[in-house]
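Here is a short guided walk through one protein chain, written for someone who likes to look at the model while reading. Keep the viewer open and rotate along as you go.

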Amino acid sequence: MHLSSSSERFTDMNRTLYTLSLVLFTLFLCSCEGNTDYVHTIHNFHNERITVIHQYIVGGDALDQRSIEINPGDHKEVIYHSQLGGRSEPGPLFTYEDYLTVINAQGDTMTKDIYDDQYWEVYSTHEHKVPSAWRHDFHFSVKSNDFE
């Protein structure tokens, strides 16, 4: 009987070590997934302050918004999204439900189409190899002649 109880303890210990190893291995695999950041920045080359109105979906279907003021000659990040998994391709310009409107100090709305890919410059950076981490920066320039 003494042998069977020690073998049961050995089996229980093996089961515990196996479970612990499985949990640690799963955590290791999850930490290797990598990450991709998408950053949208607007540069103000207009001769006056501009306001960017960023509307976005919150909680499934509710629309929220924030206003970002950018002084002449300055730039600001207007959208930031992070996604699990390292992706080398930037993909579409807008991958989430984000809506941007740019207005000047007189309240005029920018006429240049902010959703047209040709007006955005894209820079991709491979920040880490393991786990793979990528950053895709999208830059948009606003100039004085972009308003009527």
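The report below starts with the overall make-up of the chain and then turns to its sheet, its salt bridges and a few individual residues.

**The chain as a whole**

Please keep in mind that this is a predicted model. The chain has 1 helix and 7 strands, and reading along the sequence gives the pattern α-β-β-β-β-β-β-β. Of the 148 residues in the chain, 30% are buried. The chain exposes about 9700 Å² of surface, and carbon and sulfur atoms supply 55% of that area. Among contacts with a separation of 6 or more, 65% are between residues 24 or more positions apart.

**A sheet of three strands**

Next, find the open sheet of 3 strands, which has the order β3-β2-β5 and antiparallel pairing. Its edge strands are β3 and β5, each of which pairs on one side only. On average, neighbouring strands of this sheet are turned by 20° against each other, with direction ignored.

Strands β2 and β3 run antiparallel and are joined by 9 bridges. Here I57 stands opposite L63 in β3. The two strands β2 and β3 form a hairpin with 3 residues between them, and G59 in the turn has a positive phi of about 65°.

On the other side of the pairing, β2 and β5 are joined in the antiparallel sense over 7 bridges. In this case T51 stands opposite I103 in β5.

**Three salt bridges**

How many salt bridges does the structure hold? There are 3 salt bridges, listed here with their distances.

| Acidic residue | Basic residue | Distance, N to O |
|---|---|---|
| E69 | R49 | 3.6 Å |
| D146 | K112 | 3.3 Å |
| D137 | R135 | 3.0 Å |

As background, side chains of opposite charge can pair when their charged atoms come close.

Take the side chains of E69 and R49 to begin with, which meet in a salt bridge at 3.6 Å. This pair links distant parts of the chain, with E69 in strand β3 (residues 62–70) and R49 in the loop between β1 (35–45) and β2 (50–58), 20 residues apart. E69 counts as partly exposed because its relative accessibility is 42%. R49 also has 42% relative accessibility, so R49 counts as partly exposed.

Now move to D146 and K112, whose side chains meet in a salt bridge at 3.3 Å. D146 lies in the segment after β7 (133–143) and K112 in the loop between β5 (98–104) and β6 (120–128), so this salt bridge ties together parts that are 34 residues apart in sequence. Are these two residues buried or exposed? D146 is buried, because its relative accessible area of 8% is under the 20% cut-off. K112, at 16% relative accessibility, counts as buried by that cut-off.

The remaining pair is D137 and R135, with a salt bridge of 3.0 Å between their side chains. D137 is buried, with a relative accessible area of 12%, whereas R135 is partly exposed, with a value of 24%.

**S141, a contact of both D146 and K112**

Which residues does S141 touch, leaving aside its neighbours within four places in sequence? S141 is in contact with H43, F45, K112 and D146. The last two names are the partners of the salt bridge at 3.3 Å described above. S141 itself sits in strand β7. With a relative accessible area of 19%, S141 is buried, because the cut-off for that label is under 20%.

**A105, in a loop**

A105 is found in the loop between β5 and β6. A105 is exposed, because its relative accessible area of 59% is over 50%. Leaving aside neighbours within four places in sequence, A105 is in contact with E48 and R49, and R49 is the salt-bridge partner of E69. A105 and T51 are 54 residues apart in sequence, but 7.7 Å apart in space, C-alpha to C-alpha.

**A nonpolar patch on the surface**

To finish, look for M13, L17 and L20, which form a nonpolar patch on the surface. Together these residues have about 290 Å² of accessible area. M13 belongs to helix α1 (residues 2–31), and at 46% relative accessibility M13 counts as partly exposed.

Technical notes:
Residues are numbered from 1 along each chain as its sequence is written. This is a predicted model: local features need pLDDT of at least 70, side-chain atom pairs count only at pLDDT 80 or more; totals for chains, interfaces and linings use all residues. Side-chain values use heavy atoms; hydrogens and water are left out. A salt bridge is a side-chain nitrogen of Lys or Arg within 4 Å of a carboxyl oxygen of Asp or Glu. Helices (H or I, at least four residues) and strands (E, at least two) are DSSP runs, numbered from the N terminus. Buried means under 20% relative accessible area, exposed over 50%, partly exposed in between (1.4 Å probe, protein chains only). Contact means heavy atoms within 4.5 Å. Two strands pair if DSSP finds at least two bridges between them. Axes are lines fitted to C-alpha atoms, for helices over the stretch in contact, and angles run from 0 to 180 degrees between N-to-C directions. Patches are made of residues with over 30% relative accessible area and no salt bridge: like charges are joined within 9 Å, nonpolar side chains (Val, Leu, Ile, Met, Phe, Trp, Tyr) within 5 Å. Accessible areas come from the Shrake-Rupley method with a 1.4 Å probe; for residues, only the protein chains shown count as cover.
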